[in-house]
Structure formats: structure tokens, C-alpha cells
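Visitor: Could you take me in for a close look at the metal site, and then walk me outward from there? I'd like to know what holds it and what sits around it.

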Amino acid sequence: MKKSIEIIHGDTSGVAYSFPVYRFAGSDPNAPNAYLQAALHAGELPGTAAIHMLMPKLRKAEAEGRIRGDITIVPEANPVGRAQYTFGDRQGRFHLGTRTNFNRDFPRLERPDPKLIPPDGALATADQRLKARLLGLSLGHKIVLDLHCDDEGVPYLYVPAVLWPAMADCASALGVDAVILWEGRSDAEFEEASIYPYTQSAADLAGRVVTTVEFRGVADVDRTLAEGDGAGLYRILVARGVVEDASIAKPAPFAGVVAPIRNVEMIRSPRAGTVLYDVKPGDRVKAGDRLATVVHAPGEDDGTVEIRAPQAGYILTRRSVRSLRVHEDVLKLVGDAPSATAKPGSLEA
Ligand SMILES: [Zn+2]
């Protein structure tokens, strides 16, 4: 394994950011190669913890000569967001200098050619330089896993619809509960930018894996979960022939929820207040079931408003905070039918 350090220059003199990259060299140039990154949203750490648990398995495989395809790993992909604190809270999701989400506006390359990655000198801000660098590091890998988490949620994947059901083995290997399929063009998330150069030809898609992994909620970071998730990542690498390991069984058929992104209902709060949930991620609901009550005038008989399911479905996520502004997201419901408010693209909002 080789470790190298990437440097991202800041927007003012004297400021630079760095992050390590770990590379395992495969023995077979024809074997699939893999790129894993975590914490692009800098406060989302389940993937970082999972990679920490994966690394000893890879070092053992390397020592035993079982790594067939090259593996590139970035456990903490966003040193810019990691350093952003305002009033004691980390702001790891948006770049403060540009107000841009760290997982939007990646370069879209017309073909998988590293020469098309914009050079640092052509990019105005540190977040743009970071995005170009990460896309450049990932380019050319058959398997690209971007490890995130939701607020509170079941483990689930976003997968380009063109890679489904070919990627069902990955969902099963990782042990996620749900898969959301997207198509079309949206806001150039890392996942979309990773598949984009290859969507021109069906041959380029064979054997390809691109996904945003949502490893449950932001507080679901502990040793047991990390060990399980690290083992899941390892199972993907074995299932796809990047690592050899005869002790790992082939993934079973995927038995979780699979739905197109247009079925996802973003349920929003009609009032500001304190939210009391009736449901948790993983629950099934019927149309009209009460999902939550918002207490907008505490202490008054008519001080609450109920939020009901617009259709039958599956609770994918909910908020980790219990105080809501008006029209703020309350939860994501995967409906059995398309949502009336669906928009195209790889993420809902
Ligand atoms: Zn994220």
C-alpha cells in the first residue's frame, strides 16, 4: 500500500488543505479497479469509520497476494469542509465561500479522459479545486463508491438506473435496506459526474459500479456499525473480483426496497415548531397514516398540526433535529407510486 498526500490550495495566501490517498496495486491489469471516498460532506463520518475497518482487511489481502485490481481510497475527502466551523457548529455540507454544496457542481467530462479535468489554475475557489481533484482521482476506476449518510435513516443507495439490476449484488453485499434509482441530469453530484463520461456507450457500462452510499444517520457512528459496513465494502470488492477471498460467499439476491427516485416524497412541515414523529426509518405506512405532529403553539388545544402520508410507502429517512422551520423537510417517504412533486436527477433536493 502506498500513501500520498494531495494538497488543495486555499483562496488566500498561506492557506492550504491536504488529505491522504491510499493505493493498493492489483496483480491483474484486467481485473476491475475500485475507488472509495468518504466524508465529501465533511460531517458525515460513517463511511470514514467503515473505511478504517476495511483497511486492515485490504492490508491482509495485500500481504497474501490477493489484491487483483488497483484500489484507491480517500477516507476523508473534504479537508475544506472539515475546517469550516461557525459558532461551534461544523459546516461540512456547503462551502462557506461560495454557498455551494460540496456534492454539487462537479465537472462533467464528455469522455473519461484525465486531460479534461480542469487544472487548478482554471478554477476560482478551493471547493472547485477539491471537486476537480476528487473526480480526477476517481476517474478510470470501474467501481466508484461515494460514502455519505443521511440525517436519520436506513442504510440505502442511490444508483444510476442504467446500472440496475446489474448492481443488485453490491446492494446485497453491503446489506442496505433500500435502493433509489435515478436517471436524467441534475446538479452534477459526484455520483452523476462519475457515471457521466461513460454513459455514451453500453460497452462502457458493463461491470461498472457507481453509487452514493447513505450509511444510515449522521450519529450512527460506532464500532459495531463501522465493522459491519467495512465488511460490506470488502464483500463488494470480493464480489466484483477486485480482491480474492474464497471465504466470502456470493451475495444473495437483493431483497430490499427498490424504487425510482420519482417515487420519493419529500414531506415538508406546514408549520414551524417541534416535531413529534409517529414513524421511524424502515417503517411501512398506508396512505393517510399520521407520520408526525408539529407542535406550533405549545400549550394550546389547537396548537398542533398533523402530517399524514400522501400515499402508501416506506419511511427512508427523517430529521435528526426536532425543531423545524415552516416548509422544512420532515422525512423522506418512498411511495409505492410516483410522487406528485417529483423532479428528475440523482438526488431529491
Ligand atoms: Zn452527504
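Guide: Here is the metal site, followed by a walk out through its surroundings. One thing to keep in mind is that this is a predicted model.

Let's start with the metal. The zinc ion is held by His41 through ND1, by Glu44 through two OE contacts, and by His148 through ND1, at 2.0 to 2.6 Å. Read along the chain, these donors follow the spacing H-x2-E-x103-H. Glu44 sits in the loop between strand S3 (34–38) and helix H1 (46–63), while His148 is in strand S9 (residues 143–150), so this pair ties together parts that are 104 residues apart in sequence.

What about the geometry? For four tetrahedral donors, the ideal angle at a metal is 109.5 degrees. Here the 4 donor atoms subtend angles of 53 to 145° around the zinc ion. Tetrahedral would need all angles to lie between 85 and 135 degrees, so the arrangement counts as irregular. Bear in mind that water is not among the atoms, so a site may look incomplete.

Now for burial, where the cut-off is under 20% relative accessible area. Glu44 comes in at 9%, so it counts as buried. His148 is buried too, at 2% relative accessibility.

Stay in that loop for a moment, because Ala39 is also found between S3 and H1. Most residues other than glycine have a negative phi. Ala39 has a positive one, near 60°. At 3% relative accessibility, Ala39 is buried. Arg216 is another residue with a positive phi, near 65°. Arg216 is found in strand S13 (residues 209–217), and at 16% relative accessibility it counts as buried.

Follow the chain out of the Glu44 loop and you get to H1. Two packed helices are described by the angle between their axes and the distance between the axes. The axes of H1 and helix H7 (residues 223–239) come within 7 Å and cross at roughly 55°. That angle makes H1 oblique to H7. As for handedness, H1 passes H7 in a right-handed crossing. There is also a network of salt bridges to look at, linking Lys60, Glu64, Arg66 and Asp245.

That brings us to the charged pairs in general. The count for the model comes to 30 salt bridges, and a few are worth zooming in on. Take Arg322 and Glu152, whose side chains meet in a salt bridge at 3.1 Å, N to O. Arg322 lies in the loop between strand S20 (313–318) and strand S21 (323–324), and Glu152 is in strand S10 (residues 152–153), so the pair ties together parts that are 170 residues apart in sequence. Arg322 is partly exposed, with a relative accessible area of 31%.

Next, find Asp187 and Arg104, another salt bridge, at 4.0 Å, N to O. This pair links distant parts of the chain, 83 residues apart: Asp187 is in the loop between strand S12 (178–182) and helix H5 (190–195), and Arg104 is in the loop between strand S8 (100–101) and helix H3 (126–138). The two ends have their own settings. Asp187 is partly exposed, with a relative accessible area of 38%, whereas Arg104 is buried at 9%.

Arg325 and Glu328 make a further salt bridge, with their closest N and O atoms 3.4 Å apart. Arg325 counts as exposed, at 61% relative accessibility, while Glu328 is buried, with a relative accessible area of 15%.

There's one backbone detail to catch as well. Most peptide bonds are trans. The bond joining Trp164 and Pro165 is cis, with omega at about 10°. You'll find Pro165 in the loop between strand S11 (156–160) and helix H4 (168–174).

Finally, if you want a feel for the span, pick Val305 and Ala77. They are 228 residues apart in sequence and 41 Å apart in space, C-alpha to C-alpha. Val305 is found in strand S19 (residues 304–308), and Val305 is partly exposed, with a relative accessible area of 22%.

Technical notes. Residues are numbered from 1 along each chain as its sequence is written. This is a predicted model: local features need pLDDT of at least 70, side-chain atom pairs count only at pLDDT 80 or more; totals for chains, interfaces and linings use all residues. Side-chain values use heavy atoms; hydrogens and water are left out. Helices (H or I, at least four residues) and strands (E, at least two) are DSSP runs, numbered from the N terminus. Buried means under 20% relative accessible area, exposed over 50%, partly exposed in between (1.4 Å probe, protein chains only). Donors are N, O and S atoms within 2.8 Å of the metal (3.2 Å for Na, K and Ca); water is not among the atoms, so sites may look incomplete. Four donors count as tetrahedral if all angles lie between 85 and 135 degrees; four count as square planar and six as octahedral if opposite donors are over 155 degrees apart and all others between 65 and 115; anything else is irregular. Axes are lines fitted to C-alpha atoms, for helices over the stretch in contact, and angles run from 0 to 180 degrees between N-to-C directions. Angles under 35 degrees count as roughly parallel, over 145 as roughly antiparallel, 65 to 115 as roughly perpendicular and the rest as oblique. A crossing is left-handed if the near helix is turned anticlockwise from the far one by less than a right angle, and right-handed if clockwise.
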